[in-house]
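Let's take a walk through this structure, with an eye on its ligand and a few backbone oddities. Have the viewer open as you read.

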Amino acid sequence: MKNVLVTGGAGFIGSNFINHILDNSDDVFIVNLDKLTYAGNLENLKVSQNNKRYKFIKGDICNYELVENIFSDYKIKYVINFAAESHVDRSILGSQVFYHTNVIGTNVVLELSRRFEVERFLQVSTDEVYGSLGATGLFTESTPISPNSPYSSSKAAADMMVSAFYHTYGMPVLITRCSNNYGPLQFPEKLIPLMIINALNDKPLPVYGDGMNVRDWIYVLDHNIAIQTVLEKGTPGNVYNVGAKTEKPNIEIVKLILNYLNKSEDLIKYVSDRPGHDKRYAIDNTKIETELGWQPSFKFEDAIGKTIDWYLANKSWWEKIISGEYRNYYDTQYGKR
Ligand code: NAD
Ligand code: TDX
């Protein structure tokens with residue numbers, strides 16, 4: 001049995017990861033450490049609390065003593081660090097919690113992973129650490145790090161710390177840098193779920209700037225299979241870019257969602273731009289494809305429909321969210337723009 005510490009496993013990507021792994025592997029025991037911030041939701045997890053291959057612990061990755069106890073109680077061999085503050089707009093409104101969790105918290109988990117001699121430590125990072133591209137070119141693993149938002153700079157700082165632990169201590173670390181994810185269970189502050197839910201509620205769809213910023217989209221399960229592949233087969237000390245070669249301007253996504261839901265494009269509301277808005281992200285995934293044999297298996301055209309259908313079928317999941325804290329956030333910060 002492999003004992004794996006998954007941090008942030010109640011969030012969007014981490015919960016999809018745990019749901020997938022527990023369904024598809026018999027020899028894994030998962031400890032899920034999650035603070036349950038606004039973005040963490042235990043309803044995301046299919047697993048029962050009585051499952052012998054799973055343990056949930058509510059707590060903060062910044063809490064050294066707690067994380068130390070987890071390492072000693074559960075004989076952790078593998079660590080996947082998903083836990084983070086993940087929303088760029090929130091990082092612009094207030095950056096402290098981003099540096100606290102994403103940098104200090106990562107340091108706690110990394111330092112204890114070193115002390116307890118884990119076999120693998122995987123840092124779930126993002127293509128946003130590379131900054132912004134112009135009209136052409138792709139991010140490769142050797143593109144210099146040049147983050148532009150408080151969020152991406154906190155993730156870049158964590159990446160550099162993780163690499164330093166490889167160079168200094170020879171720790172078996174791995175870093176994945178993935179592009180924009182979409183799929184079930186994504187918190188409705190991010191572009192795709194926000195637009196689906198606003199369209200369903202006949203509310204304005206706030207498009208920043210001219211809507212021509214480009215993101216490179218990947219279905220969440222493809223990202224999670226890439227993480228599993230890197231964990232099992234990656235070479236320690238390496239960075240692996242993860243992407244599905246699906247560049248789209250934001251406005252195209254918004255129109256596609258409206259069209260799928262049979263809603264009018266009159267719902268589109270162009271609002272003032274995000275400060276420091278990165279223009280374009282695009283991933284070169286040659287390294288993970290050629291060295292580890294991973295490839296994306298979901299086509300955007302199918303998986304976006306699957307995603308919209310999921311939000312249609314799981315109204316109670318998102319209604320609970322938008323009637324609570326998120327609702328206040330949206331109304332106060334963005335509804336007025
Ligand atoms: P999310 O915001 O949906 O979930 C984050 C989870 O971390 C939540 O469950 C939250 O409760 C938990 N968390 C936050 N602070 C914590 C703390 N101090 N201690 C313990 N738990 C804490 O984020 P996500 O979209 O699932 O992203 C997961 C990871 O993947 C992040 O590291 C993010 O940077 C990275 N990533 C995300 C994307 C994307 O498109 N969403 C793309 C590339 C990389
Ligand atoms: O209301 C909106 N209107 C809009 O035009 C929102 C929420 C977003 N946008 C634009 C901004 C971006 O160009 O859509 C694009 C995507 O925005 P987000 O969903 O907020 O994602 P992004 O800023 O690209 O960052 C995401 O991808 C990389 C995740 O939030 C990060 O965690 C991940 O690292």
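What follows is a short tour of a predicted model, starting at the ligand.

## Around ligand 1

Ligand 1 has 28 residues around it, and the nearest of them are Ile-13, Asp-34, Ser-86, Tyr-151 and Lys-155. Some polar contacts are worth pulling up on screen. Tyr-151 puts a polar side-chain atom 2.6 Å from an oxygen atom of the ligand. The backbone joins in too: an N or O backbone atom of Lys-35 sits 3.1 Å from a ligand nitrogen, and for Ile-61 a backbone N or O atom is 2.9 Å from a nitrogen atom of ligand 1.

How much of the ligand's own accessible area does the protein cover? On its own, ligand 1 has 840 Å² of accessible area, and the protein covers 97% of that.

## Who builds the shell

Four elements are listed as giving two or more residues to the shell around ligand 1: helix α1 (12-24), strand β5 (120-126), helix α5 (150-169) and strand β7 (180-182). The largest share comes from β5, with three residues.

As for chemistry, the shell splits into 12 nonpolar residues, 12 polar ones and four charged ones.

## Two positive phi angles

Now for the backbone. Leu-185 isn't a glycine, yet its phi is positive, at about 75 degrees. You'll find Leu-185 in the loop that links β7 to α6 (191-200). Asn-262 is another non-glycine with a positive phi, this one about 60 degrees, and its home is the loop between α8 (250-260) and β12 (268-271).

Are these two residues buried or exposed? Leu-185 has a relative accessible area of 9%, so it counts as buried, the cut-off being under 20%. Asn-262 comes in at 72% relative accessibility; exposed means over 50%, so Asn-262 belongs in that class.

## A stop at Glu-232

One last residue to click on is Glu-232, which sits in helix α7 (residues 220-233). Which residues does Glu-232 touch, leaving aside those up to four places away in sequence? The answer is Lys-2 and Arg-120.

Tyr-78 is worth a look from here as well. Glu-232 and Tyr-78 are 154 residues apart along the chain, while their C-alpha atoms are separated by 9.9 Å.

Technical notes. Residues numbered from 1 in each chain as written. Chains lettered and ligands numbered in written order. Predicted model: local features only at pLDDT ≥ 70, side-chain atom pairs only at ≥ 80, totals over all residues. Heavy atoms only, no water. Contact = heavy atoms within 4.5 Å. Near = heavy atom within 4 Å. Polar contact = N/O pair within 3.5 Å; in protein donor to acceptor, adjacent residues only side chain to side chain. Areas by Shrake-Rupley, 256 points an atom, 1.4 Å probe, with all protein chains shown as cover. Nonpolar A, V, L, I, M, F, W, Y, C, P; charged D, E, K, R; others polar. Buried < 20%, exposed > 50% of the residue type's maximum accessible area, 1.4 Å probe, protein only.
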